[in-house]
Amino acid sequence: MEELKLCPHCGEKPQVTGAKEKFAMHRCSPADCIVMVPFDAWQQRPIEDALHAEITSIKLEMAQMASDRDSERRWADHYNKLAQSAREKLSMIIAMLQELSPQLAREEIEKLARKELSNHD
Ligand SMILES: [Zn+2]
């Protein structure tokens, strides 16, 4: 069964009366007035429903944005690990080259340094 909605003014529950057609009957404390509304009309809250729909949509959008940020961070971590691995391998290769041919190693290091400088332009 559909949950009985609370009074939008005072937040209290109405009484439900009527045998054939149901009514919501309520004495609203701040206004001190009695309302008797057909049950289906009482249960309709178009503004609240629209706001709930908007809140749900905003929450979904925020969750998607958080997920995108996580994804970007994971890619950045992955890229940094690859770059670190490449630097370590290059250092090993240069060290091996220095043992085999110090002159060739010096030339390769100079080439890399020039390339590094041009990448920062
Ligand atoms: Zn009320």
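**Close-ups of a predicted model: a three-stranded sheet and two helices**

**View A. The turn between S2 and S3, in a predicted model.** Four residues sit between the strands in the hairpin of S2 and S3, and one of them to look for is Asp-32, which takes a positive phi near 55°. The two strands run antiparallel and are joined by six bridges. To get your bearings on the ladder, find Ala-24, whose bridge partner in S3 is Val-37. Then go to His-26, which has Val-35 as its bridge partner in S3.

**View B. The hairpin of S1 and S2, with five residues between the strands.** Here S1 pairs with strand S2 (residues 23-28) in the antiparallel sense, over three bridges. Thr-17 has Phe-23 as its bridge partner in S2, and Gln-15 stands opposite Met-25 of S2. In the turn, Gly-18 has a positive phi of about 100°.

**View C. A closer look at Gly-18, in the loop between S1 and S2.** Is this glycine buried or exposed? Gly-18 has 12 other C-beta atoms within 10 Å, and a residue with 12 or fewer counts as exposed, so Gly-18 is exposed. Also worth picking out in this view is Phe-39: it is 21 residues from Gly-18 in sequence, and the two C-alpha atoms are 9.5 Å apart in space.

**View D. The whole sheet, three strands in the order S1-S2-S3.** Put the two hairpins together and you get an open sheet with antiparallel pairing. Which strands are at the edges? They are strand S1 (15-17) and strand S3 (33-38), each of which pairs on one side only. Neighbouring strands in this sheet are turned by 25° against each other on average, direction ignored.

**View E. Helix H2, 55 residues from end to end.** From its first C-alpha to its last, H2 reaches 81 Å, close to the 81 Å expected at 1.5 Å a residue. How many of the 55 residues of H2 are buried? The number is zero, so H2 lies largely in the open.

**View F. Helix H3 (residues 102-119), with 18 residues.** At 1.5 Å a residue H3 should span 26 Å, and its end C-alpha atoms are indeed 26 Å apart, so the two values agree. The number of buried residues in H3 is zero, which means that this helix lies largely in the open.

**View G. Where helix H2 (residues 46-100) and H3 pack.** Two packed helices are described by the angle between their axes and the distance between the axes. For H2 and H3, the angle is about 145° and the axes are 6 Å apart. On the H2 side, the contact is made by Ile-94, Leu-97 and Gln-98; H3 brings Pro-102, Leu-104, Ala-105, Glu-108 and Ile-109. Sorted by type, the contact residues come out as six nonpolar, one polar and one charged.

**View H. Stepping back to the two domains of the chain.** The protein chain is divided into domain 1 (1-44) and domain 2 (46-119). How far apart are the C-alpha centres of domain 1 and domain 2? They lie 59 Å apart.

Technical notes:
Residues numbered from 1 in each chain as written. Predicted model: local features only at pLDDT ≥ 70, side-chain atom pairs only at ≥ 80, totals over all residues. Pairing = 2+ DSSP bridges. Axes fitted to C-alpha atoms, helices over the stretch in contact; angles between N-to-C directions. Domains from an automatic or database assignment. Expected span 1.5 Å × (residues − 1). Buried ≥ 20, exposed ≤ 12 C-beta atoms within 10 Å, placed from the backbone. Contact = placed C-beta atoms within 7 Å. Nonpolar A, V, L, I, M, F, W, Y, C, P; charged D, E, K, R; others polar.
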